[in-house]
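Colleague: I would like a close look at one part of this model, with the terms spelled out as you go. Here is the entry.

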Amino acid sequence: MKVEMVESTLVAPSEETPRQALWLSNFDVTAAMTHTALVYYYPAPTTGGEGFFSSDRLMAALAKALVLFYPLAGRLGRDEDGRLQIDCHGEGALYVVARADCTGEDLFSNYVPSPKVRRVFVPVAPSGDPPCRMAMFQVTLLKCGGVVLGTAIHHALMDGIGAFHFIQTWSGLARGLAVSEACPSPPSHDRALLRGRSPPHADFHHSAYSSAHLSGLPRPCITLRYSVSPKLLADLKSQCAPGVSTYGAVTAHLWRCMCIARGLASGSDTHLRVTVNVRHRLCPPVPRYFSGNAILRDLVTVKVADVLSKPLGYMTDAIKKSLEDVDDAYVRSMIDYLGLESDKGSLQAAPWQLLPESDLWVTAWLGLPVYDADFGWGAPRLVAPAQMFGTGMAYVMQHADRDKGFVVFLALEPQYVPCFEDVFYNN
């Protein structure tokens, strides 16, 4: 696959924005020091494709969006004590246009994330450390007439909720909406509600971040794509208590399949790592459209024997209870814990590479406006991570066609794939 660079420029906010250092919370400074890379695929329009993904149109809309989301135009920096911060001086986000000699059908008929996709379609920073850019975007024109939009937003600045809010705003402005229509609820960048206590004190045991549970070694893996049809989802939910969430049913099913495929010893523990949005769990709550990181990792632990012998509902109940336990007191404890452990240098920089075989890490984008990214020529046909980073990690997301259910991307050791697939589809 050949890719030719056509254009590369920095897009600054179209209006004056605050020139300041943005303080980062403990959730921010302990997030992955890298850019979260996604790809959006847009097939060539059959009609009404005038100016399809015009650079002038997209860059003008990006400049407007950066007024509201001005930290994306900044650079990662450090304060006088060496703590990470965002230096907001309006330098701009990177915008790249490229041309590739492949078709959308070649790439996305049965898409799976890969290092090649990450390298070809999403800008890559030399390092995620200061003074790197906070946001980079690439529009790649395909020979079939379609387009791939690659986005790279630094995880220290925002989580998925903030990132998708930005894409909603940018795409709405590109469609010609007024700022108040494209972004009726402006983002909040103030991290004050996430400050730690003085003195800090961890009142709970936050094992999801403990190195004791990150004892695995990097292992070869392949990335797989599985479909969760409405029929399969209904079957899974029928094995659980009434009212079970889609997230709970699908995640529990993945967890059980993983335990069986890897042949875990029945007397051992198995761990599910989940991410929890804490915006509404704090008192007072963080604004719904808070743009920073407001997610934490939690660990659900059960015996393998129970996974193998008990109904799927046993696991969904364990997941639900773990999520219900995340309240204001737990989050405050977590914020202090992250600060204390970060000061000691005891947090793993790349925990996804150290998952033991007993663990599964699931990130779900359910309920997020993932496909609300119409720049004027229709919604994307696919939105997905560009790359997976370690075995035992999974993404669960809505299919572009809601009637087709959900999509799972999973990184797994090759030797376990045949058994996993058999259990996944034959339940």
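Which strand do 4 bridges join to E5, and how do the two run?

Modeller: Strand E4 (residues 75-78) is joined to E5 by 4 bridges, and the two run antiparallel. Strands here are DSSP runs of E of at least two residues, numbered from the N terminus, and two strands pair if DSSP finds at least two bridges between them. This is a predicted model, in which local features need pLDDT of at least 70 and side-chain atom pairs count only at pLDDT 80 or more, while totals for chains, interfaces and linings use all residues. Residues are numbered from 1 along each chain as its sequence is written, and side-chain values use heavy atoms, with hydrogens and water left out.

Within the pairing of E4 and E5, Leu76 stands opposite Ile86. The hairpin of these strands has 5 residues between them, and Gly82 takes a positive phi near 90° there. E5 also pairs with strand E2 (residues 20-23), again through 4 bridges and in antiparallel fashion. In that pairing Trp23 is the residue opposite Gln85 in E5.

As for its surroundings, strand E5 (residues 84-88) is largely enclosed by the rest of the structure, because 4 of its 5 residues are buried. Buried means under 20% relative accessible area with a 1.4 Å probe, protein chains only. As a general point, side chains in a regular strand alternate between the two faces of the sheet.

For context, there is also an open sheet of 6 strands, with mixed pairing and the order E9-E15-E14-E12-E10-E11. Strand E9 (222-228) and strand E11 (295-303) stand at its edges with a single partner strand each, so one side of each has no neighbour in the sheet. The twist averages 20° from one strand to the next, where axes are lines fitted to C-alpha atoms and angles run from 0 to 180 degrees between N-to-C directions. Inside that order, strand E14 (residues 393-398) and strand E15 (residues 406-412) run antiparallel and are joined by 5 bridges. Met397 of this pair stands opposite Val407 in E15.

Terms used
Buried < 20%, exposed > 50% of the residue type's maximum accessible area, 1.4 Å probe, protein only.
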